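Work through the exercises below with the sequence and the 3D view open. Try each task before reading its solution.

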Amino acid sequence: MVWGAMATFGLINQKGGVGKTTLALGIAAALARDGAKVLLIDADGQGTASDWGNIRGDNPAPFRIVGMARANMARDAISLAAD
Ligand SMILES: Nc1ncnc2c1ncn2[C@@H]1O[C@H](COP(=O)(O)OP(=O)(O)OP(=O)(O)O)[C@@H](O)[C@H]1O
Ligand SMILES: [Mg+2]
């Protein structure tokens with residue numbers, strides 16, 4: 001698959017612990033496997049996705065994960081996504 005444009009995915013539910021982070025990681029992995037250049041931004045102070053990336057050690061995720069649980073996220077995400 002050819003990826004020309006930037007896509008944004010929202011996995012949204014008010015309830016905690018329903019699998020939002022797990023789904024986000026799975027979708028990111030599937031997109032990366034299909035050849036997309038994926039940047040996963042963890043904007044949750046819990047840092048669950050960042051933790052997942054960190055514990056992989058010598059077997060890194062096939063996509064970048066950055067933790068940005070601050071108000072600068074909206075601005076800085078755009079410059080990060082420029083690549
Ligand atoms: N399809 C699934 N089947 C079984 N367990 C799952 C499934 N999806 C997620 N889980 C488990 O449920 C727990 C909560 O998942 P996850 O952290 O993805 O939820 P969340 O919606 O991101 O939570 P939070 O609101 O705290 O951010 C985790 O232990 C995860 O491993
Ligand atoms: Mg979560």
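The model shown is predicted, and the exercises that follow take up its parts in turn.

**Exercise 1. Surroundings of a ligand**

Task: Find which residues surround ligand 1, and find the distances from its oxygen atoms to polar backbone atoms of glycine 17, valine 18 and glycine 19.

Solution.
Step 1. List the residues around the ligand. Ligand 1 is surrounded by Gly16, Gly17, Val18, Gly19, Lys20, Thr21, Thr22, Asp44 and Gln46.
Step 2. Look at the backbone. A polar backbone atom of glycine 17 is 3.0 Å from an oxygen atom of ligand 1. For valine 18, the separation between a polar backbone atom and an oxygen atom of the ligand is 3.1 Å. For glycine 19, the corresponding value is 3.0 Å.
Step 3. Apply the cut-off. A polar contact is a pair of N or O atoms within 3.5 Å. The pair at glycine 17 has a distance of 3.0 Å, the pair at valine 18 has 3.1 Å, and the pair at glycine 19 has 3.0 Å.

**Exercise 2. A threonine beside the ligand**

Task: Locate threonine 21 and state what it touches beyond four places in sequence.

Solution.
Step 1. Threonine 21 is part of helix 1, and Thr21 is also among the residues around ligand 1.
Step 2. Classify its exposure. Buried means under 20% relative accessible area and exposed means over 50%. Threonine 21 has 30%, so it is partly exposed.
Step 3. Look for contacts. With residues up to four places away in sequence not counted, threonine 21 touches Thr48 and Ala49.
Step 4. Compare positions in sequence and in space. Alanine 81 lies 60 residues from threonine 21 in sequence, and their C-alpha atoms are 20 Å apart.

**Exercise 3. An asparagine before helix 1**

Task: Describe where asparagine 13 sits and which backbone atom its side chain reaches.

Solution.
Step 1. Asparagine 13 belongs to the segment before helix 1, which spans 20–33.
Step 2. Its relative accessibility is 41%, so asparagine 13 counts as partly exposed.
Step 3. The side chain of asparagine 13 reaches the backbone nitrogen of lysine 15 at 2.9 Å.
Step 4. Apart from neighbours within four places in sequence, asparagine 13 is in contact with Val18 and Lys20. Both of these residues also appear in the surroundings of ligand 1.

**Exercise 4. Two strands and the path between them**

Task: State in which sense strand 1 and strand 2 pair, and give the handedness of the crossover between them.

Solution.
Step 1. Strand 1 covers residues 39–42 and pairs with strand 2 in the parallel sense, over four bridges. Within this pairing, isoleucine 41 stands opposite valine 66 of strand 2.
Step 2. Follow the chain. From strand 1 the path runs through helix 2 to strand 2, and this β-α-β crossover is right-handed.
Step 3. Check the side chains of strand 1, which alternate. Leu40 and Asp42 point to one face and are buried, whereas Leu39 and Ile41 point to the other face and are not.
Step 4. Add a residue of helix 2. Serine 50 is found in this helix and counts as buried because its relative accessibility is 18%. Leaving out neighbours within four places in sequence, serine 50 is in contact with Asp42, Ile65, Val66 and Gly67.
Step 5. Add a residue of the loop between strand 1 and helix 2, where glycine 47 is placed. Glycine 47 is buried, with a relative accessible area of 11%. Its C-alpha atom is 8.1 Å from that of alanine 69, which is 22 residues away in sequence.

**Exercise 5. An aromatic pair**

Task: How many aromatic pairs does the structure hold, and how are the rings arranged?

Solution.
Step 1. There is one aromatic pair in the structure.
Step 2. Tryptophan 52 and phenylalanine 63 form this pair, with 6.0 Å from centre to centre and 10 degrees between the planes. Planes under 30 degrees apart count as stacked, and this pair is stacked.
Step 3. Place both residues. Tryptophan 52 is in helix 2 (residues 48–54), while phenylalanine 63 is in the loop between helix 2 and strand 2 (64–67), eleven residues apart.
Step 4. Compare exposure. Tryptophan 52 is partly exposed at 27%, and phenylalanine 63 is buried at 7%.

How values were computed. Residues numbered from 1 in each chain as written. Chains lettered and ligands numbered in written order. Predicted model: local features only at pLDDT ≥ 70, side-chain atom pairs only at ≥ 80, totals over all residues. Heavy atoms only, no water. Buried < 20%, exposed > 50% of the residue type's maximum accessible area, 1.4 Å probe, protein only. Contact = heavy atoms within 4.5 Å. Polar contact = N/O pair within 3.5 Å; in protein donor to acceptor, adjacent residues only side chain to side chain. Phe/Tyr/Trp six-rings, centres within 6.5 Å; stacked < 30°, edge-to-face > 60°. Pairing = 2+ DSSP bridges. Right-handed = clockwise from strand over helix to strand, strands pointing away. Near = heavy atom within 4 Å.
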